[in-house]
Amino acid sequence: MKRLAAGLLTLAIAAGLNAPVHAAPTIRPLPSNGEAAGEITSATALNYSDGSRSQLFSLQLAAGQAVSLKLDGPLNGTLAVFHRDMLVGRTECGCGEGAQLSVRADKAGPYLIAVSGADARAFGPFHLTATPIVAYDGKPLAAGQRITDWLVGERQTYTLQVDAPGLYTVSLESDAFDTRLELSGNGVTLEDDDGGNGTDSRLVAPLQPGRYTLTANAFSRNGGAFYLGVERADFPEGLVFEDGSALPLEGLASSFVGADQTRSFVFSLPERRRVQFDASSGDIDPFLTLQGADFTLTDDDGGGAVNARLSQVLDPGEYNVSVRSVNGRGGIFQLATSTAPAPDGPTRPVLVPGRETSGQLIAGSRSLYTLEVPRKGHYVISMTGSNGLDGMITLMRDGEEVASQDDSDTSLDPQLEIELDAGRYILMAHSFDPYAAGTYRLLVRRR
């Protein structure tokens with residue numbers, strides 16, 4: 001959650017922060033562009049509401065003037081600002097990483113700043129800094145620019161001038177409210193909620209020259225200061241933007257995908273081979289999908305860290321390979337393909353109902369089988385792993401998943417009971433752990 005913005009806290013909180021103490025504490029002046037140091041000790045004025053202790057500072061502001069307050073140092077502390085005994089703003093909690101609060105004066109006069117320990121056990125020195133917030137001049141934004149503005153209401157719009165094509169990153173950050181960012185214009189419509197740090201927003205998009213509209217939103221009615229920045233980078237050489245581009249048999253393709261988009265490629269295999277696909281990125285968490293005529297394989301983090309990997313023996317033919325982002329961000333990714341000779345034997349052995357089949361699960365791979373169901377009925381499909389192998393079975397038809405099961409009611413071995421129509425199915429034997437390996441037995445029987 002964000003630090004709460006000015007004016008939206010209850011008077012009960014304000015009353016708690018202003019609980020009576022034995023003697024009125026000293027109030028020290030703080031310049032609007034200055035700093036002060038202090039220390040919370042057992043001798044500091046006590047707040048009888050929660051046992052914390054506070055030091056007070058006075059900040060003189062003109063009407064409409066805004067400042068950013070930052071609390072640093074060993075103290076696990078919080079900030080609160082008052083004007084004429086009314087709470088103006090407060091950081092929500094002491095999180096051990098300092099505190100920051102932006103305040104704009106509705107009226108001229110002295111504003112009281114309370115630096116408090118996060119709780120009754122919080123003591124230590126601190127450093128308090130006040131920095132004026134320069135008002136946005138209203139001119140169109142451009143690459144390399146970062147402005148500070150104040151949100152009044154739920155949304156404000158800005159013009160973005162793009163003079164050169166490139167990959168643009170737009171960031172909306174605030175300590176006062178939960179941000180949401182929108183970008184529109186020239187056929188582009190994008191939005192983001194939490195693609196930045198915490199609840200900040202971040203959009204990455206390839207943009208052509210022209211004018212665009214940026215909209216800063218708050219999910220709640222809170223207002224407050226925010227930062228809006230624009231950065232540009234050149235397109236990497238060979239970057240692919242169109243769906244349906246061909247993947248090399250051995251090589252690398254780079255592309256861009258938005259936060260809610262999928263980028264698809266066509267992969268043509270001239271002969272039976274083991275093929276490995278690796279999707280990696282420094283911007284997104286890639287999710288990889290491989291589709292054949294009658295099966296679909298997916299992976300999220302099988303390539304290590306948040307990268308994705310699929311390794312599979314494939315028959316000659318044309319396949320669809322796609323990548324999407326699953327961390328709410330857009331960005332550039334790389335998709336590498338490599339092949340190796342396939343082992344002897346059928347690509348997809350045939351499962352015969354009533355006859356047990358043995359198999360070997362290889363780390364990072366899945367085992368595919370063809371299942372011919374002779375007639376409609378109720379079937380039981382079981383997979384028994386050896387040496388603690390936690391197996392998983394997925395049943396597909398015409399490329400779509402029909403059913404999947406990880407564990408049975410009594411063990412880690414899956415047992416799928418399902419009503420099936422007559423016809424051809426693809427059964428995938430795999431594990432929830434993409435790195436798992438071991439032998440297993442498969443049995444399909446009709447009840």
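Colleague: Which description fits arginine 180 and glutamate 182, buried or exposed?

Modeller: This is a predicted model, in which local features need pLDDT of at least 70 and side-chain atom pairs count only at pLDDT 80 or more, while totals for chains, interfaces and linings use all residues. Residues are numbered from 1 along each chain as its sequence is written, and side-chain values use heavy atoms, with hydrogens and water left out. A residue is called buried under 20% relative accessible area, exposed over 50% and partly exposed in between, for a 1.4 Å probe and protein chains only. By that scale, arginine 180 and glutamate 182 are both buried.

Colleague: With which residue in strand S14 does arginine 180 pair?

Modeller: A salt bridge needs a side-chain nitrogen of Lys or Arg within 4 Å of a carboxyl oxygen of Asp or Glu, and arginine 180 meets glutamate 182 in this way at 3.1 Å, N to O. Arginine 180 also has a salt bridge with glutamate 191, where the closest N and O atoms are 3.5 Å apart. This second pair links distant parts of the chain, 11 residues apart, with arginine 180 in strand S13 (residues 179-185) and its partner in strand S14 (residues 188-192); helices (H or I, at least four residues) and strands (E, at least two) are DSSP runs, numbered from the N terminus. The partner in S14 is therefore an exposed residue with a relative accessible area of 52%, glutamate 191.

Colleague: How far apart in sequence are arginine 272 and aspartate 315?

Modeller: The side chains of arginine 272 and aspartate 315 form a salt bridge at 3.9 Å, N to O. Arginine 272 lies in the loop between S20 and strand S21 (273-280), aspartate 315 lies in the loop between strand S24 (308-314) and S25, and the distance between them along the chain is 43 residues.

Colleague: Why does the pair of phenylalanine 295 and tyrosine 319 tie together parts that are apart in sequence, and by how many residues?

Modeller: Rings of Phe, Tyr and Trp (its six-membered ring) pair if their centres lie within 6.5 Å, and planes under 30 degrees apart count as stacked, over 60 as edge-to-face and the rest as tilted. Eight aromatic pairs are found in the whole structure, and one of them is the tilted pair of phenylalanine 295 and tyrosine 319, at 6.2 Å centre to centre with 55 degrees between the planes. Both phenylalanine 295 and tyrosine 319 are buried. Because phenylalanine 295 lies in the loop between strand S22 (286-291) and strand S23 (296-299), whereas tyrosine 319 is in strand S25 (residues 317-325), the separation in sequence is 24 residues.

Colleague: Which side chain of opposite charge is nearest to arginine 53?

Modeller: Arginine 53 is found in the loop between strand S2 (35-40) and strand S3 (54-61), and a polar atom of its side chain lies 2.8 Å from the backbone oxygen of threonine 44. For charges, Lys and Arg count as positive and Asp and Glu as negative, while His and the chain ends are not counted. Arginine 53 is buried yet has no salt bridge, and the nearest side chain of opposite charge, 9.2 Å away, is aspartate 50.

Colleague: Which residue in S25 stands opposite arginine 263?

Modeller: Two strands pair if DSSP finds at least two bridges between them, and S20 and S25 pair in the antiparallel sense over eight bridges. Opposite arginine 263 stands valine 323.

Notes: A polar contact is a pair of N or O atoms within 3.5 Å; within protein, one must be able to donate a hydrogen and the other to accept it, and residues adjacent in sequence count only if both atoms are side-chain atoms.
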